[in-house]
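Please open the structure in a viewer and keep the selection panel at hand. The tour below proceeds stop by stop, naming what to select and what is to be found there.

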2 protein chains.
Amino acid sequence: MGKAGTLRDYLRHRGLKVTHQREEIAQTFLDSTRHLSAEELYRLIQKGHPEMGLSTIYRTLKLLVEAGLASQREFGDGITRYEPVAGGRHHDHLICVNCGAIIEFQNQKIEELQKEVAENNNFTVLQHKLELYGYCEKCRRH
Amino acid sequence: MGKAGTLRDYLRHRGLKVTHQREEIAQTFLDSTRHLSAEELYRLIQKGHPEMGLSTIYRTLKLLVEAGLASQREFGDGITRYEPVAGGRHHDHLICVNCGAIIEFQNQKIEELQKEVAENNNFTVLQHKLELYGYCEKCRRH
DNA sequence: CCAATTTTGATTTTGATTTTCAATTTCAAT
DNA sequence: ATTGAAATTGAAAATCAAAATCAAAATTGG
């Protein structure tokens, strides 16, 4: 509930309307496993709400990003994926170029060094993406 | 010459043909300033070669990536950009979400920590991307 | 409940990238 | 140099995710 509530807050704050669709999309998205494309979320939601339009998914995902509840990613296959911003818990990705596996990791020291770099450049960081591409444990056999 | 020569080597190695177009595209691309989109490179090349087709630009950029001479980037505006891989000199990016400015930086410590992370996950890194999004010096006035 | 405003969803459109295909070019073997 | 098989080119058409349209429906403050 906490999360869906946050979207509600954002909508009210901006004078936008709280609709069933937005609530349902936020709910499903925030409770989901990570890295969903608009299309994937659409299919997921259609199980319970066959009348839901794909446009609304796109629109609501954009709202979730604006509200800071989702982050948008492009992993290079031409499809934009979204991932819930889990209560500030940031993480980065190892991406297997062979099997497509996505492994998450977290490293505090790297985060700190990033802040340092930003400061040295008089840059205010809002968000960052760190992605390591290569072969995962299974695919290491060239 | 050195760089265009390398594409030639790659083509021969793969049994592909060395064409005027490929030579010209590689030349112009590798000598260019950074972060070119296919369209931008197209316009650039058309000045001297009005007959060059856009498809060929796309195809050759793909070859350059395969040959390890270009790296492909998506900064979130829906346009794929390519950048010459300058003799192994790696760098990352600060991207201003307001004015679109792209500032390059380099940090050896971060690189090392990335290697560490990869090792801990039994992951072989081929390539990585680190992008910090936010406000540049000029755009810091919210 | 009402009216003003926003949102929805079906559909169309956009725009970057890819594919198709006939004509041309490359290149290894003559 | 010439040949011919195989690859490449450019123009046009196809793709496909994402954005825009717009009439009908839903939301919300009064």
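The stops cover the sheet, the relation between the protein chains, and the two DNA strands.

This is a predicted model, in which local features need pLDDT of at least 70, side-chain atom pairs count only at pLDDT 80 or more, and totals for chains, interfaces and linings use all residues. Residues are numbered from 1 along each chain as its sequence is written, chains are lettered from A and ligands numbered from 1 in the order in which they are written, and side-chain values use heavy atoms, with hydrogens and water left out.

**The sheet**

Select strands 4, 5 and 6 of chains A and B; they form an open sheet of six strands in the order 5(A)-4(A)-6(A)-6(B)-4(B)-5(B), with mixed pairing. At its edges lie strand 5 (102-105) of chain A and strand 5 (102-105) of chain B, each of which pairs on one side only. From one strand to the next, the twist averages 25°. Helices (H or I, at least four residues) and strands (E, at least two) are DSSP runs, numbered from the N terminus; two strands pair if DSSP finds at least two bridges between them.

Now select residues 92-96 of chain B, which are strand 4. Four bridges join this strand to strand 5 of chain B, and the two run antiparallel. Within strand 5 of chain B, Ile102(B) stands opposite Ile95(B).

Next, add helix 5 (residues 108-120) of chain A, which packs on the sheet. Helix 5 of chain A touches strand 4 (92-96) and strand 6 (124-135) of chain A, as well as strand 5 and strand 6 (124-135) of chain B; contact means heavy atoms within 4.5 Å. The direction of this helix makes about 130° with that of strand 6 of chain A. Axes are lines fitted to C-alpha atoms, for helices over the stretch in contact, and angles run from 0 to 180 degrees between N-to-C directions.

**The two chains**

How is chain A laid on chain B? A turn of 180° and a shift of 0.1 Å along the axis achieve this with an RMSD of 0.2 Å, which is the relation of a two-fold axis. Copies are superposed by least squares on the C-alpha atoms of residues with pLDDT of at least 70 in both. Select Leu130(A): in chain A, its C-alpha is the nearest to the axis, at 2.2 Å.

**DNA strand C**

Select DNA strand C and the 21 residues around it, of which Lys17(A), Thr56(A), Arg59(A), Lys17(B) and Tyr58(B) come nearest. A residue is near a strand if one of its heavy atoms lies within 4 Å of it. Helix 4 of chain B gives the most to this surface, with four residues.

Zoom in on the side chains of chain A. A polar atom of Lys17(A) lies 2.3 Å from a base oxygen, and one of Arg59(A) lies 2.4 Å from a base nitrogen. Thr19(A) has a polar side-chain atom 2.7 Å from a phosphate oxygen.

**DNA strand D**

Finally, select DNA strand D, which 19 residues surround. Among the closest are Tyr58(A) and Arg22(B). Thr80(A) places a polar side-chain atom 2.7 Å from a phosphate oxygen of this strand, and Thr19(B) likewise has one 2.7 Å from a phosphate oxygen. In the side chain of Gln21(B), an N or O atom is 2.8 Å from a sugar or linking oxygen.

Conventions: A polar contact is a pair of N or O atoms within 3.5 Å; within protein, one must be able to donate a hydrogen and the other to accept it, and residues adjacent in sequence count only if both atoms are side-chain atoms.
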